[in-house]
Structure formats: structure tokens, C-alpha cells
Amino acid sequence: GCTSNEPAQQDDSASGNGSAAPAGANDEPGDTVTIGFSAPASDHGWMGAITSAAQAEAEKYDDIDLRVAEGTNDVNLQISQIEQFINDGVDAIVLLPFDGAALTEVATQAMEAGITVVNVDREFSSPFAARTTVLGDNYGMGVSAGTYICDELGDTPDAVVAEIAGIDNLPLTQDRSQGFADALGDCGLKVSNRVAADFTVQGGEAAAANLLQAAPKIDAIWNHDDDQGVGVLAAIDNAGRDEFFLVGGAGSANVMREIQSGDSVVKATVIYPATQAADGIRLARLLVQGKAMSDLVEVEVPRTVQLHAPVVTADNVEQYIDTAFES
Amino acid sequence: MSEHHPSGTPAATPAGAQATEAADRDVVGGRDVARRDRLARLGFGRNLGLVIALALLCIVGVVTAGERFLSIDNIMTILRFAAVIGVLSVGMTFVITGGGIDLSIGSVMGLATVWATTVATQTLATNTHWLVMVFAALAVGTVAGLVNGVLIAYGKVVAFIATLAMMVAARGLAEIIANKRTQIVTVKPFLDFFRADLLGVPVLVWIFAVVAAAGWVLLNRTTFGRRTIAVGGNPEAARLAGIKVQRHTMYLYALAGLTAGIGAVMMLARTTAGSSTNGQLYELDAIAAVVVGGTLLVGGRGTIVGTVFGVLIFSTLTNVFTQNDLSISAQSVAKGAIIVAAVLLQQRFAAGSRST
Amino acid sequence: MSEHHPSGTPAATPAGAQATEAADRDVVGGRDVARRDRLARLGFGRNLGLVIALALLCIVGVVTAGERFLSIDNIMTILRFAAVIGVLSVGMTFVITGGGIDLSIGSVMGLATVWATTVATQTLATNTHWLVMVFAALAVGTVAGLVNGVLIAYGKVVAFIATLAMMVAARGLAEIIANKRTQIVTVKPFLDFFRADLLGVPVLVWIFAVVAAAGWVLLNRTTFGRRTIAVGGNPEAARLAGIKVQRHTMYLYALAGLTAGIGAVMMLARTTAGSSTNGQLYELDAIAAVVVGGTLLVGGRGTIVGTVFGVLIFSTLTNVFTQNDLSISAQSVAKGAIIVAAVLLQQRFAAGSRST
Amino acid sequence: MVTEDPTTAPLLQMQGIVKEFPGARALDGVDLDVRAGEVHCLLGQNGAGKSTLIKILSGAHQPDAGQIRWRGEQVTIPTPVSALHLGVATMYQELDVVDGLSVAENVFLGHELSTGGLLRRGEAHAYTRELLRRLGHPELPPGREVGRLSAAGKQVVSMARALSHDAKVIIMDEPSAVLDPEEVANLFRVVRSVAAEGVAVIYISHRLEEIREIGDRITVLKDGRTVAAGLDVAATPTAELIRMMTGRSVDTGLGRRDLDHSASEPVLEVEGLSLAGAFSDVSFTVRAGEIVGLAGLVGAGRSEILETVYGARRATAGTVRVNGTPVRAGSVPAAVGLGIGLAPEERKSQGLLLDQSVYRNITLSTFARFARSAFLDEGAERRAAREQANALHLSPPDVDRPMRTLSGGNQQKAMLARWLVHGCSVLLLDEPTRGVDVGARAEIYGLIHRLAAQGAAVVVVSSEIEEVLGLADQVLVVAEGRIVHQGPARQIDEHRVLDLVMEGAQQ
Ligand SMILES: Nc1ncnc2c1ncn2[C@@H]1O[C@H](COP(=O)(O)OP(=O)(O)OP(=O)(O)O)[C@@H](O)[C@H]1O
Ligand SMILES: Nc1ncnc2c1ncn2[C@@H]1O[C@H](COP(=O)(O)OP(=O)(O)OP(=O)(O)O)[C@@H](O)[C@H]1O
Ligand SMILES: [Mg+2]
Ligand SMILES: [Mg+2]
């Protein structure tokens, strides 16, 4: 059941999962807003989609001048990019930091220089570093995945649950695992095998191959990331195993098609929106132009927007598949 | 300026005190060295350290993970896991034996997976034959290797730097081509062929075996191999003996590129997807395997058997770690320690088999 | 690690053609080369290629980004960015000049940032003085370097492999200590000190300048530096001249570790956080800078001025790229091409300054 | 013979020195005594143990047994530094300078003039300048990078370093191997002057006439044992020395060859060959069976001429023909294909794979010919190599051992064997006897003659003018990259050659 990889969907995916399209006065062109954008290396599908969606979002507005300092996993370099934005006097910075804590100081500097900073996904360690934060819910993602597995396996108390994490030394991975463990704990389950990959296909494949070998019988697997999921599925296919079901993470179109097909081990995936940065761009524009989110909040843009991490299953996949990102 | 080398040989290298002293140890008078040499060439003496290391690992595996560790399934898992790096390591063995180094093969492999899975290539493959994809991957690998080779042999750019540049550039190019997406393999027959088993052994493992065997023959039984050893051992002497050193050097990198292309095909079969992240850091794994296997990093002496052992040791290690649910971090620390231990062990036995 | 070049960078082979032509025909060695020698040592001839490369980059910067590029602010941004890698590169220059290589300094730097920001260290630092953190970072770096040094000098493990093992192990250890979390610096005075400006120039840049100057003096004006060249150029001659080659080699890696420790302090100041991901791949950047700067990868010849230029070229490059909104992928491709171009340019000018 | 009065009492005594290397006993009970102010020569064949003995004396190796007495007191010399402190300075056989450092830095390497680690460069330069003046090379700038010096220049640096130590004993291990006659004379002047100051010099050389000229007493080693100690130079005939070294008598007399080859076919024709910066307009012809010798000073460009004929360097002008066929310029494979062979000057670094077996070294140019389509036939290679090894009396005759374990003379024979297996019509030999002992030397001479007799065209370069004159039919004198004389060897003598060289150098 593999499907095509045509890049088809960018434009509509940018509008987010079902949330209202921009409407009303907020879309009226205003003064041109120069926005600097920086994110970690877009070396896999989700992160690639983050950047593409942000760019596509900016395209839609004539009054946004987007400057993309494209991704890096070197915080030293990312700091330097923000410094350059400050030097250049951009109006706003949308920043998805490789490491929130490490970028906090330079973001604070930007705020002090009068630049509107919108923090995306990985949170700064100081509330003064950003005007608004758009957060994915990593802990919630783990909770969603764990809760789903609990629902499915609740009546098998000694079920074997395995976990294939992403890059293990990122705080977000730790948050996801924590949420997962907490949710499993609620129904008396625990993670019996845990491996970590690196958000890449090859990493997912290698980790899964060894995991399947180490655990002769599994009931459920949660894989943090649908990009590495391509490799994970290849490994599962290779091992010829199907006694378990797999829950994905992030919500790529590919995985949703697997869910839709019904004959795959993938039964569900937990969405982690790849449109956060695009949301950030919109918010930055509103903030600089002094507008509010008129269709939602009358006075000013809120300080924090936390996105939901819904579980996609065969029952509701139709609702999400059109807006999912291609890995 | 010129260098009149004090001690002639390894001196051409800055390898330092250790090289000189190792060389000293080498000066053996006895006449029955010859027989031992021959034994060593068969891989007994020289690889004893490696055999012991691998055996120890297996014992640890059995003790901690039980019989499951020695099951056919698990052994195939280890071998499948070893196969891709193994093929790259065979190419790397040639480059290192020839006195060079290639930091780019991981990236080049990634680039080849991406190139072979572009819409254009896959459409062509669907319309004609899946061999088109194989050909694309091999061609990309070989061409990248050739570029390395030309830069190093004719441009006289130090191998470390030329291939470092290629590593960076190939990764970037792969990202541009893939547009940061994971490109899924849609050519069914390709997957059917490479993901199959043959006589109970996965095709991937067969490929590794064939590449290793071909590499062994090439290095030990052909004029190409002899030239490689000569070029790596003393390039000036090789040149003055009439060997086309520059051209041969170029071939060596092209060969490494070719193995990267083969690795790419295997990677595609294994992961069913082309991605610019494929092969990241594989070059370091391959170098570690080659050196742990006993090939001299200064060139002039190489062993495919050792390399295969080196690869197996590392993949068994990972397997044992996973069986025991060890964290990746602890794995890293242990891996570092084991690399050093393996090299020390290997040195001890290699020296032993040579001098006593 | 060492390299046998197919046809030889100047020092590697005994009779490289270009080398011979460079020589003068006087029996024991030459006439008016002396003055040129002095000029070259001041860095004019030898670094001409680098100066040109940097100037070209700046011109590109100004043309594409306008005057903003030459603003004090932007120059400070470049320098602040260059500072950490710059300090590591100075240490790397010593190791490479001494005939070795260190693949671990990036990881060691990461480990040092983690160690210096553990709750224990920071509590101690809060209760006593922020120097405790500095000391912790420097100590961790130096000890890791010493371990490398001992393995290489006394254990006779090839530098490439020993430091590769350290790279893997240090990263793992850092992850274990940090428990995969980012540790925020809470010691205010530490940040106040290192994040300040002095005479309009950031303290980080001062540190880089001081380290570079100290490195220059150490390499060119002290016994230690001259012995480094001897150890890298001809270890056997160095040994016979009474230099304790092994001990010196060990010191070189300890020195590189120390610079990794200094880099860690700077990184902490810059990011206000210790993390096991800090410094990833910095070793390759440092090596590229050192070699582009003109230090021979085979050892025996090194230049701190060149290294500083190398670092500045790469950080200016990144800056220009960002100014021009170039994608990282395109940057990678360009970076690869520029590494090769810089080395070729550098070779040409270095050869030129020697032979005419 | 040796009377024990205080003035001639031994400064240094070595007794029963034994040194074992894995697989080889290099020294097996050596005695040596050296007096202040004498030039003590150490003689012995390749591999006799001379270098090993002096390495023990200089702290580079540790003896397994035996005693060292310094002014009558027993001492141990655990490191090179302790040797230097004792007053033993050494010029090693293999050039021991560091290319990346300046002359002065090399001179003071290991005992730098420094204050708190900071170098005192001015002082070091002044002192070095003084030493160089003393060595007859005031023109050499102390700041010059040693990598740019010729081999002779490096030897001077090495010597300056030995002198810088204010030593009581200076050891010179084959210092003259890379020097031409003028430089050797210069060296001897220095040796005499330091000896006159009461310093003992231990001098090693394979050139017996040098020993005659400079030596006071001689110790002869054979197979790691002292076979004669403290012989008086004047009182010992050369033939006797050779007999002690080799255990047999060797005819070293190189007469003059007096063969006329004008009737034979020209095999090698060189016309107007030039290499920018090295030599220009070199023309000569070598006929079948003829030996042509190139004489000249070190650095005259003789090696370059050979290497250019061979295609290892690309000529800037001129042609080379073999049996009438032009050789493609700058291509070694083309030259080898046409039957040219070169035994390069620096055997170890330019000629041999020291870690590979002897047979692989011998077949390095021919293994492809033995191969059946790309697949090696090592059996055939071994047989061919063994055949040549036996014909050349390679010792030991085992072709499977690593090249590194052979002595210098035998390594040289293996180089020649390579071209014998190949079957060359033109042989270019650069310093074929450098560092080769008398016994092996005679064999190599015989071999060269035999090759010529079989119809090969041979070109020989040697820094020993006597050797060139003795071996060759025709002599070319090279000075400053030009041929200044060409004629039959029997019509010229050593003095005339030197005169020609000097004239040529002045022009
Ligand atoms: N480091 C070493 N390891 C093993 N054997 C050695 C070593 N050095 C020397 N030998 C052996 O010891 C013997 C004596 O060697 P040595 O170099 O002292 O001879 P030599 O008299 O100086 O010869 P030459 O005239 O060629 O310089 C030789 O057989 C040599 O192969
Ligand atoms: N490898 C080298 N590097 C630099 N200069 C060299 C080199 N080889 C030779 N030269 C220089 O080239 C010139 C010719 O040297 P060449 O070696 O051909 O002389 P030669 O007559 O063969 O002397 P020798 O007896 O030392 O071999 C000399 O000035 C020498 O200094
Ligand atoms: Mg000797
Ligand atoms: Mg010569």
C-alpha cells in the first residue's frame, strides 16, 4: 500500500486543520511587515512542512515580506541568524528554536530591540522572550497516544507496549515519553521496550528492526514520528510481524492513507500540527499591524496558543487527511 | 621543498612515534616468518583478536538475551543490519588501503537514494524496468566518487578535505532534490526483488556477501589490488615503478562511490524510501569498522576479512544493546569504549602474530 | 591520522615535482630567499589566497546586502558567531600541526557545557563564585583531551579512531548526565560577565582574540610550539633530539581539550544553557577551517593566522548566505564548493609565495 | 698496542654490548674504546651493527647486556637527553632534521635557548651563524626553513647541531653519503679542528679512502661482533680491513673499462633535453652494451636528468628516443613500456614498499605481465623473483620476507632485480652504491658490467668520481645543469673532473 509522493497539497494545508480561514478585517492589507523566520534544519518531513507551510502562508499576504534563515541544528548559528535579523531591524521574528532555552537570551534581546517575537513549538525559558507562543502539545501527544492504547488494550493487563522515540536528547521527546508513560500508567500498563531513533527513515528502520527482534511478542507500538515511521513500517514488513497495532505521531498523509486502507498495522496517529509556524506568521503579522484575532479574541492576540493533539483513527481520518503533510 | 625521510617509510607519515616503533618491531630476522606470514594472510593470526571480540560479544548476547540471540531470525536481523554499512566499508577499505580516506560515502549514499526515487526516475522505472532505479543509484554514487577522485588525484586536494566538501555538498544537493521530503518507493517489482529471501537468506545479505567476496578477490588476487597496496604503501615508489598513481587513486574513490550506490539500492529496499537523511554518519561507522578490522589508516595494508569482522562486531553490538534495552546514551559510551578496546586488542594480536 | 598523497602535497613525498622546482640551485640552500622567508612568516605571502578569499566574500556581501553588511553590528555578529569555533580551531591547529587529528572536540565541548551546568556545579557556583563553572568546563575538556592523548601517545591507538571513540562516548556521557534535558544557566554573575561588552567588543570576541594571540605566541615563539612542529614533521628526529614525543603528543590533545573547555564556557555564555547537543559537528568545521587556513593535514607545518582566516571565511560565508536568504541546502552545496576552491586557491598562493 | 698513559686513557669504553631486536641479534658482544681528541672510525658491512651501536651510545636504544664507561666510570644512557648531558652528540645516518623548522630551530631542537618557554631567537640566530661560519657555510641564513635546503645543506644543519652541544664525543654515521668531494673536504676540516680541541669523533663510512684520510684508529664490526679494536689506521692495509669486514678478500679495484661501442646500435638517444630550473640542453647517446657515467657535484642536476629521461618529470624541451622510438614526455609507464628502468636515488622512499615482501617489490613493475587477465599469478611472480634473487646472491635468499628486513645493499640488489625481471634495454642507476658496503658494492659493480655485456644501455650517476670513472665507458661531467664535458672514461681522471666542475660552476 504505498502511495505517490506528488507534492500536491501545500496551499490548503497552510490553512490549518479545519480552523477558520482568515476572514474579516484582519485580511485587509496593511503596512508591509518584515518577518524573519528561523527553524531547525528541515531534514525531515515534518520540519520541512513547517517551513514550507510558513512560506506558503506568507505568500498569501501581499503585506508580508518573509526572510527565511533556513534551518540549522547548531544553536550557535541560529543565535547568529537572530542577531542578523535584529541588525536588519525586521518587524517580527517567528522562531522555532532548536533548543528553546538556548535561544531565550537572543529572543529577549530581540524583544528589547522592539521586535515582536513569536515563539513556535519549543518554548523559551523566559516569558519575556516572546510576545506570543504557539505551542504544539508534546506531553499531550504522549497522553493521546497512551490513552488510545489504553482504550484498545485496557482489558489485557500484561500487554506488551513498545515505544519508538525520536531524537532522544530533545526535551520534546522527553515530554512525549512522559505523557505516554503517564497515560499508560492510568490503565495499569507500562512501556516494556523503548528504543530511540532520530526522526529519519533509516533511523526508524534500524531501531524498529532491532526492537522487533528483542521483543518476540508485542501488543502495541507507539512511534513518535511518522517520517521515521516509513522506516518503521518497512522493518515491520520485513519481519513479517502483524500481531500488534501501531500508533503514529505527527500525522503525515502517508500514515493517514495507511489508516484509511484498513489493512495496515497502523491503526491511529496523533496529530502534531505542521502548521504551527504558519500560524506564527499570521500572528506576527497581526501583532505588528496592531490587529487582534477578531473572529476569536477581540482585544489583542493572546500570549499563548496551544494546539490540540487529536488522535486520528479510521473513524475520523477523512476529516484530517486533506490537510496532512506529505512526509 | 623536499623531504628526505629519516627512516624512509612510515615516516612519510606523521603518524608519529607509534608508526616508527611499530615499524621497528616489524624488522624481523627469522626465516620462518614467511610461513607465519602466509598463515596471517589467510586471516588466522591477524584476525584472532577480532574473532575473540566477536565471540565475546556473542557470549554476552546469549547470557543476557538467551537463546533468542542465536536464533536464525536474530542472526538475519544482525546481518541485514550489517549489510548496508558492510558494503560501504568494503569500498572504504580500498580507499584507506590506497592511502586515502572518504568522508563522503554516507552523504553520497543519501544522495543516490534520493536521485533513484525522484518522480522522474520512478516513472521511468515503472514504464520500463526497475533496473533503471538501480542504475540511477549506482551512477550517482560512481560519479560523485569520480569527482572526489579527480579532485584528490589531479587537483591535489587533501582527501580528508575534498571528501569533507563532498559530504557537505552531496547532503545539500540531496535536500534540494528531495525538497526535504521522504520519497517513497512506488516501484513494486524493485521492492519485491530486493526485499525477498533467497534460500532463506535475505537478498540484502546476499548482496553484502557478494560485494565482500568480490572485494576480497579484487584486493588480494588482482592487479588492481596490488596497485592499491603499492599506491597506499609508497606512492612515489609506485609511480617510479610505472604505476599510474593518479589514475588509480581516482579509480579508488570511484569504487567507493560505486559501493555507496550499491548501499543506496540496499537502503531503498530496506527502508522503502529515499531521503536526504539516509546514510548520515555512515562514513564514520565504516571507517571505524575498517580500522577496527585491521586496515592501516596510513595505507599500504588492508584486509577485507578484517573489515567484515569489524562490521559484524558493530552490528552485533547494537543488537546486544537493544536486546538488553540499553539506552542510546549508554550505548554510545559503551561503543566508544569498545572501539578503543577492539583496536587495542587487534593491535596486540596483530603484533603478536607478526613478531613472535 | 596521516595521508599518502597520490602525488604529494609538498611535504608528503620526497620528490614532488613542484617541490623540486621551488628549490634554488645553491648547494646547501639558497641566496635571497631569506627576506621572502621573513615576509612569508609574517603571513603575507602565505595567506594571500585567504586574504583574497575573505575580501571577495566581503565584496559579495556588500554588493548583495548593501552597507548593512559592513555595519559594526553585523561585523560583531560575524565575530561572535566565529568565536566559539575559532577557539576550538586554535586547539585543533596544534593537534594537526603535531601530526594528529581530533574528532572529539565538538562532543567534548558539549559534555563540558553539560557538566558545568549540572545542579551540583551551579549550586556550588552560586554559593561560592561563578569561576567554579568555568573551572568545571575547563577541567572536563582538559581531562577528556588527556584521555585522548594517553590513548594516542601511550596506547598507540590511531588518533582518528581514538578521538572518534571519544566523540561517541562523550556525547553519550553528556546525554546521561543531562538526562536529555537542557540545563539552564542560573548563575547570574557568570552570564553578566561573559555576555558583556568590553570597549564595544563582546567579551566572547575578546576571548577568541586572546586565545588566538596566545596560540600564535605558543606556536611560533615558544619551545612548546617549535617542538610541536618537530613532533608533527619528523617524530623520530624529534625523539632523537631529546624531545619526549609521547608526552608532547599527550599535551597537544590536552590542549585541544582545554580549548574545547573554553569553547564550552563561551557556548554557555552565548546560549545560557548546557545541552548534550551543543557542538555537534564542530570538529569538522574546525578541521575545515584549519586546513583551509593552510595548516598541513600531515603535520609539521601550522599557522594560527591562517586558521583565524579560515574561521572568518566560513562565518562570513554563513552570514552572507543568511543575508541573501539562501536555503541551507544551497548553502551546503556552496560550502562544499568553497572549501575545495579555498584549498585550491590557498595551495596556489602558498606555492607561489614559495617559488617566486 | 694501546699504552695506558693518562693522555690516551679511554674517554669512552663500551664492553660486551649486546642488542637484540625481535628476530635479530644486531649486536652480540661489541667492544669499543674511544680516546679524547682522536678520530675513531667504525667499519663494517651493511647490517654489521654500526648504527645500532651508536644508537645505544646516544641513548636511542637500550643495550640488553654490556657496560658503558665514561672516563672510567660506569654509566647508563637511558635517553637521548642523557647522552647529550654526558657529552655525546650524534649525527644520525638518516637525515634527522625537521623540514618545517628553520636552520637555527633545528640546531637548537630539544635544547632551545629560552626564557620561561619563550624562545630567545636573536641569540639562537647569532650562535647558529657562528656555528655555520665555523662549518664553512656563512652564507646559510639561520632563519631559512630547512625543508628548502638540499640534502647536503641538511647535513650541514645536522653537523651544526652536533657542534652546538659542546660535546666531548661527536658521532657521525655516514655523513659523507650525501656530500660531494668539496663538501667532504669541508667536513674533514671541521672534524680535524674539533679533534684538535680534544673532542673525540666516531666516524662511520663505507668509503675506505676517507677512513685513510681522516681516521686515527679503527674498530671493525662483523655480524654484531668486534673483530678488531683500535687498529692504527696507518699501520693497517686496506685489503686487511676488507678481509676483516667481509671475512674474505674482495677485489675493489675498479680498473678502467676500455671497450669500444661505437659500432653498436644507439639504444638511448637524448637530445636537447631541458627542465626549467634544473638543467638545460642535455644531449647524449648510449649504445648497446655501453655504460655512461654522469659525474658532478651534488645538486648539479644529475638526478633530475635521469628522472626526466625516465619521464618522472616532464621535460620542458627536448626528446628521448629508445631504439629509435620517441618516448612520450612525462610518462613513466611509457618509458617503462619501452624498456627503460630506473633505480632511484632514495631507495627507501622512492623505490621500495618496505612493508611488502621482497618478491612483490621485485615484481612491482611486472606483476601485471604475469597476471592472467587482471588476475595475479603470484606463483609465477615468486619464481621469477627467486630466480633473480639467486642470480644476484640476495641474502637472505628468501623472497617472502618483508623488504624492511633486508640490509641496504640487498635492498639495492632487489631494486636491480626488478628491472632484470622486466628485461630493460636501458637502465638508469642513481647512486647505486650509496650506503652499500664494500662486499655488496663489488657485486653490484659486477652486475652492472654483466648487464652491459648482455647488451643493455646503462647510465650511472654517482657522487664518487672514482666510481663513475671506473664503471663507465663514457663520462659526462655535469655542472650547474649543463654538460660541460663528454668523453671516454679512460681519457680523464678525478682531478680533471673536479676542475671541469669548478670551471662549469663559475660560468
Ligand atoms: N629497529 C630494529 N629492529 C630490528 N632489527 C634491527 C633494527 N635496527 C637494526 N636492526 C638490524 O640490526 C642489524 C644491524 O643494523 P645496523 O643498522 O646497526 O647496521 P649498520 O652496520 O649500521 O649497517 P649500514 O651500513 O647499512 O648502515 C641489521 O641486521 C638490522 O636489520
Ligand atoms: N626534492 C628536491 N627538493 C628540492 N630541491 C631539489 C630536490 N631534488 C633536487 N633538488 C635541487 O635540484 C638541483 C638538482 O639536484 P639533483 O638531485 O638532480 O642533483 P644531483 O646532481 O643528482 O645531486 P645528488 O648527487 O645529490 O643526487 C639541486 O639544486 C637540488 O638542490
Ligand atoms: Mg648504519
Ligand atoms: Mg642525485
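1. Start with Phe224(B): in this predicted model, its relative accessibility is 16%, so it counts as buried, the cut-off being under 20%. Its ring has a partner, which is the next thing to look at.

2. A search over all chains of the whole structure turns up 19 aromatic pairs. One of them is Phe94(B) with Phe224(B): the ring centres are 6.2 Å apart and the planes meet at 50°, so this pair is tilted. What does the pair tie together? Phe94(B) belongs to helix H4 (residues 72-97) of chain B, while Phe224(B) belongs to helix H11 (residues 223-233) of chain B, so parts 130 residues apart in sequence are tied together. Phe94(B) is buried as well, with a relative accessibility of 1%.

3. Now have a look at Phe160, because the pair made by Phe160(B) and Phe160(C) joins two chains. Each partner sits in a helix H8 (residues 159-178), one in chain B and the other in chain C. The ring centres here are 6.4 Å apart, with the planes at 80°, so this one is edge-to-face; the label applies to planes over 60 degrees apart. Buried or exposed, these two? Phe160(B) is buried, at a relative accessible area of 0%, and Phe160(C) is buried too, at 1%.

4. Back within chain B, there's an aromatic cluster worth finding on screen. Which residues form it? The members are Trp130(B), Phe190(B), Phe193(B) and Phe194(B).

5. Rings also come with charges here. In chain A, Arg176(A) has its charged end over the ring of Tyr272(A), 4.8 Å from the ring centre. Another case involves chains B and D: Arg226(B) lies over the face of Phe367(D), and the distance to the ring centre is 5.4 Å.

6. Stepping back to chain B as a whole, how many helices and strands does it have? You'll find 16 helices and four strands. Two of the helices have already come up: H4, with Phe94(B), and H11, with Phe224(B).

7. Chain B has 356 residues, and 64% of them are buried. Phe94(B), Phe224(B) and Phe160(B) are among the buried ones.

8. As for contacts in chain B, take those between residues at least 6 apart in sequence: 79% of them join residues at least 24 apart. The Phe94(B) and Phe224(B) pair, tying together parts 130 residues apart, is a handy one to keep in view while reading that number.

9. Last, the surface. Chain B has an accessible surface of about 11,500 Å². Carbon and sulfur atoms account for 70% of that area.

Terms used:
Residues numbered from 1 in each chain as written. Chains lettered and ligands numbered in written order. Predicted model: local features only at pLDDT ≥ 70, side-chain atom pairs only at ≥ 80, totals over all residues. Heavy atoms only, no water. Phe/Tyr/Trp six-rings, centres within 6.5 Å; stacked < 30°, edge-to-face > 60°. Buried < 20%, exposed > 50% of the residue type's maximum accessible area, 1.4 Å probe, protein only. Lys NZ or Arg CZ within 6 Å of the ring centre and 35° of its normal. Contact = heavy atoms within 4.5 Å. Areas by Shrake-Rupley, 256 points an atom, 1.4 Å probe, with all protein chains shown as cover.
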